[in-house]
Amino acid sequence: MAGLNDPMRFIKAEEFFAKSSNTKQPKSLITAQSSQSIDPKDPLRYAALLTFDEGSTCLFQFVTPQLWRVRFDPAAKAAADYPDANSRTIVQNSFAGLVDELQQQLRRKDKAWNAPDTQPDSVWATQFQESSDGSGWTLASVQYPSSKAATAGTDGVVQVKAYFRKDPFQIQCTRTVQAQGDTFELPPGIAASSVERVIWQTSPTRTFSQNPEAPRASNIVLSIAKPGPAEYIGFGEQGGRTVMKSSTLMNYFCYDNLGYSKVYNQGPLDTREPLYHSQPYFLELNGTPGYQNVTATLVDNYSQVFVDLGQSDTGRTKLGVRFGTLDTYFLSADKIPQLIWLFTSIIGRPRLKPRFILGHHQGGYGYASRSQLEDVVSKYRSVGIPLDGLHIDVDFQHKYRTFTIDDQNFPDVAGMFGGLRASGVKCSTNITPIISLDGYRTNNDPYATINAAWDQDDHTNASKNYLIMDKRYLEGLNSQSPQTQQYLRYDGGQAMLTDPNNKDNRPTFNNGTTKDEYDYGENFNSGYPFHGGVSYGDGLGVTGFYPDLNRQAVREQFWAPQYQDLFDKGLEFVWQDMTTPAVAYCYGDMLGFPGRLLVSTDPYAQNADVMPPQLPAIELCALYSYNLHKATYKALQDMPKRQNKRNFIIGRGSCTGMHRFAGLWTGDNKSTWDFWRINIAQVLALGFGGITIAGVDMGGFMPSDDNGKWCDPDLFIRWYSGAFLLPWYRNHYNGKQGNKYFQEVYKFATIEQDYPSIHLPDDQRDLYASVLPICKYYVRLRYSLMQALYDRMFENLINGLPIARSMLITDPDDTALMNEAASYVDNQYLLGHYILVCPITDPDNVNGGSRQVYLPRPDSWFSFNLRIDQPNADDVGAIIPQINVRNYIGDGTANPINLNVYPGKDNTNQWYSMFLDDGTSRSSAPPDLPQYINIGHPEDPDAKGEYREVRIEQKTTGTTRTITLSHIHDNYDPTPDIGATYRVVIWMLASRDGNGNLVPSNPAPATTFADEAGKDVSGCAAEYRADLGALVATVPVHLAEGGILVITQSVGAVGNGVNGGGAVVNGANGVH
């Protein structure tokens, strides 16, 4: 770019919306057109084209009956001008294909419990008509019981009706909504009602506005009405302490934002900061007070996206895009779980991940030798803390060359990986997209990857060159000379410009001894590879080129083969870093590619021998990282050595849709209480958007703001204990010189022995000594609940729900969560539905290290009484599996399952699905799920449904409590993994004497075991444990003939066993 006056640059939301205040906009609607055709090639199928007074158009399209798309392209004059091809965000390549696929999914008999309740023969269509008073037109989605009824136009039920008002132009969407559920039973004679309500509408007079800037900035804004009582959640990775966001501005732009403070300099609690991951998706709650409706918004654009959430006008939410057209999706459902199913139906759900990723992981920038890695694992084993994953940073590479190994410091890598694997630890290493230019065409220390990347003698031949070439979009520049170019970044809240011609401005590498002396002017717009570089801090890094990963041929023919050697030597999974890509300040704009650098657009139809169309990088900033993760995932999936093995990538920043290929960690944080506070909010927010595996660097990657050399032990304890049931559980830190000394759990206990110059204050010694036992306990407690974690990860394939859930998902009828209990939404979460975790997010000197806990209604709750390696209990009606703790997941020994079943409400069903498989094979996956039949992924022939789903149901009627175990799907024998029996611990309500001792149930509960027909089942046993206040039953894993076993227990008037406290367990309402 050419300075701050160049429109082809990043701008802050304040500047963007200031521009939009003086814009042109359509004021009235002239015509509306639709079609009753069901031909997928008809662009007006289920759609309406709106034409405005100044000649622009909008295309409104129903995707499903409760999901609609709004597109605005000022250049489009007809429906055919809006392309049928979807962005890569959306799971289907074409819009028509997406509509037809979702029609089929809605008809399935075996849909997830949170999917729309439609019948297998049902179909939907649209009805279009002009309003009787001539004020506009309506397009309604209508559900019919059959194709015959749809053809006849009979028995249809309107789902959503869109009204297009002529003057002033406005879109209003209505649907019939049910009265909000009450946490208390309604009085006799009063019934919940339903009514048609406006659930979404644009702002009249200013629905669309645009202020284009030559040469390519479109600057389009869509204004939506913001109901006064509404609350807003989601927003992807964006910072801020609260899950529910108040009036604010947001910038979505993939930015290498170490410390979350570069643009505004306010730190991680500032929601305005652009972070690594761009997912402009959010949910509106309570927009129709008293009625059940949740509405969601997705902005689908690879470039910079802006949100003004009532900041400039409390009655409006504004959505803005800097480049390209405005493409938005809106969804409506009764409750959040239904909305999540619908959303993940259009952006896709991931494939099954290996079980070990749910374990405890350790990483460190500075693990620079084989002996150091082996020592870390040995120490964790010696202190009894389970460990499953070890993450090796770029220290592993030879001269920071991607895909290489430093054989001097990591000799016999195959032996090293093999030895670590034998101790249960699986390894990943950091793979960045830079390809070092060192080692090209030389016999002295050659670099195979750069030699495979391009042919200097034939560099214009697309079939031989896989790198991004230096070609610039120069239109609109006052001067096209390389001498006038500048690169923009923000740091410390200030805009900073760098002259790329000035060699003195460039970082030094090789520990600060080597300056990059390349001639910027000679390379600029030359058609030779774009010359960039990455800095790893402290004089470390490398200059290099970048693969053109937006080309399919590059992903498959160049990138994929590079992984072969690492995986042949025993690497198990990939850590994808510097993904956007992160480029040093003097090589590009906003620590990424130069905004005017031309990059490929990744069209669906590509010829490997022909370069695809290109656009400036500023317009596609989120696409490169998406394709980096996609390329790596496909490489591993197609690798012969990985046949039938599940693959996993933990990646950094991308865009909506990357979760189909990778988990997400939220970038480079610090060891501060603010970063711990937003940890929970970020994971919950990402979960609303379909991301299964999400998390942070526990303990903080960088030192605290006061440059401490290790994480404060109070903070470290709270982080490890409070995050113990979040999906991604990795301790990762910067251990390079000048940063942190250590962050491994066990090192707090030996800090003075390991670092003789450190002398702890006497009043801190107990605190440091407590780190190891407390963190050890919570890691082991996590491992005892590994089956429960895995069940939720497996279930996510089917219903899209996250592993760690907000109370807004599990208890949507508790309106206090949006009022007086709103603050608890920020710092409490559930594993599935039954275990509520309430972390402490303040130092010990605040409230004496304690906190208040909110127990959401209408559930009843028990104190968390599950302990390691012994039966215990949790939530009313909760059903929780627990196993014995092992040093690592899948240690080859049978690990029996205790099924803890808690008392539930009378005449209410509680149920739980448990998924048993080998934890590593792709053949476990259900083959009929959309993501396994070429929806968003290539078809996977390895998916064969080799798993067992066990459903545990409980119902109490009067004095009889019935627990039914059944095989919903039975294509796997788990006995080698869990043994031949389940131990079912049936907890009873607590009764204690004056001394607090449990009072034995009198008489002891009677128990029977029967099959579905009521016939007695042999091989079962039951023992009443007065010391626990529970009945402990043993039943065969194969259950009974027909795969169903019924345990019936008599319930006395007085029982014992569980009461309330700490982390808590739920079980009253039957939703899992």
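**Exercise 1. The β43 to β47 sheet**

How many bridges join β47 to strand β50, and in which sense do the two strands run? Place the pair in its sheet.

*Solution.* The model is predicted.

Step 1. Find the pair. Four bridges join β47 to β50 (residues 1044-1050), and the two strands run antiparallel.

Step 2. Find a facing pair of residues. F1009 stands opposite I1047 in β50.

Step 3. Widen the view. The sheet is open and has five strands, ordered β43-β44-β45-β50-β47. The pairing is antiparallel.

Step 4. Identify the edges. β43 (910-916) and β47 (1007-1010) each have a single partner strand, so one side of each lacks a neighbour in the sheet.

Step 5. Add the twist. From one strand to the next, the twist averages 15°.

**Exercise 2. The β10 to β13 sheet and its helix**

State the strand order of the open sheet that holds β10 and β13. Then say which helix lies across β10 and β11, and at what angle to β11.

*Solution.*

Step 1. Read the order. It is β10-β11-β17-β16-β13, five strands with antiparallel pairing.

Step 2. Pick out the edges. β10 and β13 (248-252) are the edge strands, and each pairs on one side only.

Step 3. Note the turn between neighbours. Ignoring direction, it is 15° on average.

Step 4. Look at the β10 end. β10 and β11 are antiparallel and pair over three bridges. Q210 has I220 in β11 as its bridge partner.

Step 5. Place the helix. Helix α1 (residues 13-20) lies across β10, β11, β13, β16 (305-309) and β17 (316-323). The helix runs at about 85° to β11.

**Exercise 3. β46 and its two partners**

In which sense does β46 pair with β42, and in which with β49?

*Solution.*

Step 1. Take β42 (residues 897-901). Four bridges join this strand to β46 (residues 981-989), and the two run parallel. N900 has V985 in β46 as its bridge partner.

Step 2. Take β49 (residues 1030-1036). β46 pairs with this strand over seven bridges, in the antiparallel sense. Here W987 stands opposite A1030 in β49.

Step 3. Put the two together. β46 runs parallel to β42 and antiparallel to β49.

**Exercise 4. Two helices that cross**

Describe how α9 and α11 cross, and list the residues that meet.

*Solution.*

Step 1. Start with the axes. Those of α9 (residues 552-559) and α11 (residues 623-638) come within 10 Å and cross at roughly 45°. Helix α9 is therefore oblique to α11.

Step 2. Give the hand. The crossing is right-handed.

Step 3. List the contact. From α9 come R555, E556 and W559. From α11 come N627, L628, K630, A631, T632 and K634.

Step 4. Sort these residues. Three are nonpolar, two are polar and four are charged.

**Exercise 5. Unusual backbone sites**

Locate the cis peptide bonds before P168 and P215. Then locate N219 and M590, and decide whether each is buried or exposed.

*Solution.*

Step 1. Take P168. The bond from D167 to P168 is cis, with omega near -5°. P168 sits in the loop between β7 (157-165) and β8 (170-178).

Step 2. Take P215. The bond from A214 to P215 is cis, with omega near 5°. This proline is in the loop between β10 (208-210) and β11 (217-225).

Step 3. Move on to N219, in strand β11. Its phi is near 50°, a positive value in a residue other than glycine. N219 has a relative accessible area of 3%. Buried means under 20%, so N219 is buried.

Step 4. Finish with M590, in the loop between β29 (573-576) and β30 (598-600). Its phi is also positive, near 50°, and the residue is not glycine. At 3% relative accessibility, M590 counts as buried.

**Exercise 6. A loop asparagine**

Where is N501 found, is it buried or exposed, and which residues does it touch?

*Solution.*

Step 1. Locate N501. It is in the loop between β24 (494-498) and β25 (508-509).

Step 2. Classify N501. Its relative accessibility is 18%. The cut-off for buried is under 20%, so N501 counts as buried.

Step 3. List the contacts, leaving out residues up to four places away in sequence. N501 touches P482, Q483, Q485, R506, Y520 and G521.

Methods:
Residues numbered from 1 in each chain as written. Predicted model: local features only at pLDDT ≥ 70, side-chain atom pairs only at ≥ 80, totals over all residues. Heavy atoms only, no water. Axes fitted to C-alpha atoms, helices over the stretch in contact; angles between N-to-C directions. Parallel < 35°, antiparallel > 145°, perpendicular 65-115°, else oblique. Left-handed = near helix turned anticlockwise from the far one by under 90°. Contact = heavy atoms within 4.5 Å. Nonpolar A, V, L, I, M, F, W, Y, C, P; charged D, E, K, R; others polar. Buried < 20%, exposed > 50% of the residue type's maximum accessible area, 1.4 Å probe, protein only. Pairing = 2+ DSSP bridges.
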